[in-house]
Amino acid sequence: MEAEGLDWLLVPLHQLVSWGAAAAMVFGGVVPYVPQYRDIRRTQNADGFSTYVCLVLLVANILRILF
């Protein structure tokens, strides 16, 4: 009887956690780019910019989303 009484709380909480995890996977893909962007803006020099790092991060994030 007690488990049925908590359904009003558990179902929305489960949906909230599910949506939060999905949003973190989608928007969390940009987090690795932030330090590189800040460094380029601070130094006004893009010599340290690596297109290979961007490629690896993009592929990894796409595979993570597809998984």
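**Helical architecture and surface features of the predicted chain**

Between the C-alpha atoms at the two ends of residues 46-66 the distance is 31 Å, and this span is 76% helix and 0% strand. The model in which this segment is described is a predicted one. Residues 46-66 are listed, together with residues 16-34, under "transmembrane region" in an unreviewed UniProt entry, and the annotation may be inferred rather than shown by experiment. In the other listed segment, residues 16-34, the end C-alpha atoms are 27 Å apart, with 74% of the span in helix and 0% in strand.

Taken as a whole, the chain contains 4 helices and 0 strands, and its elements follow the order α-α-α-α along the sequence. Two domains are assigned, domain 1 covering residues 1-28 and domain 2 covering residues 30-66, and the centres of domain 1 and domain 2, taken over C-alpha atoms, are separated by 32 Å. The radius of gyration of the chain is 19 Å, whereas a value near 11 Å would be expected for a compact globule of 67 residues. Along the principal axes, the C-alpha atoms of the chain occupy a box of roughly 65 × 25 × 10 Å. Of the 67 residues in the chain, 6% are buried, and the accessible surface amounts to about 6,100 Å², with carbon and sulfur atoms contributing 72% of that area.

On this surface, a nonpolar patch of about 730 Å² is formed by Leu 6, Trp 8, Leu 9, Leu 10, Leu 13, Leu 16 and Val 17. One of the patch residues, Val 17, is located in helix α2, which comprises residues 7-27. Val 17 has a relative accessible area of 53% and is therefore classed as exposed, the cut-off for that class being over 50%.

The loop between α2 and α3, the latter helix comprising residues 33-43, contains Pro 32. With a relative accessibility of 36%, Pro 32 falls into the partly exposed class. Although Pro 32 and Val 59 are 27 residues apart along the chain, their C-alpha atoms are separated by 13 Å.

Within helix α3, the side chains of Asp 39 and Arg 42 are joined in a salt bridge, with an N to O distance of 2.6 Å; the count of salt bridges comes to 1. Asp 39 and Arg 42 are 3 residues apart in helix α3, which means that about one helical turn lies between them. The two partners fall into separate accessibility classes, for Asp 39 is partly exposed at 36% relative accessibility, whereas Arg 42 is exposed, with a relative accessible area of 63%.

Beyond α3, the loop that leads to α4 (51-66) holds Gln 44. The backbone of Gln 44 has a positive phi of about 55°, although this residue is not a glycine. The relative accessible area of Gln 44 is 63%, so that the residue counts as exposed.

In helix α4, by contrast, attention falls on Cys 54. Cys 54 has a relative accessibility of 13% and is accordingly counted as buried, since the buried class lies under 20%. The C-alpha atom of Cys 54 is 12 Å from that of Pro 35, a residue 19 positions away along the chain. The pair Cys 54 and Pro 35, at 12 Å, and the pair Pro 32 and Val 59, at 13 Å, thus describe the spacing between parts of the chain that are separated in sequence.

Note on methods. Residues are numbered from 1 along each chain as its sequence is written. This is a predicted model: local features need pLDDT of at least 70, side-chain atom pairs count only at pLDDT 80 or more; totals for chains, interfaces and linings use all residues. Side-chain values use heavy atoms; hydrogens and water are left out. Domain bounds come from an automatic or database domain assignment. Patches are made of residues with over 30% relative accessible area and no salt bridge: like charges are joined within 9 Å, nonpolar side chains (Val, Leu, Ile, Met, Phe, Trp, Tyr) within 5 Å. Accessible areas come from the Shrake-Rupley method with a 1.4 Å probe; for residues, only the protein chains shown count as cover. A salt bridge is a side-chain nitrogen of Lys or Arg within 4 Å of a carboxyl oxygen of Asp or Glu. Buried means under 20% relative accessible area, exposed over 50%, partly exposed in between (1.4 Å probe, protein chains only). The radius of gyration is taken over C-alpha atoms; the globule rule is 2.2 Å times the number of residues to the power 0.38.
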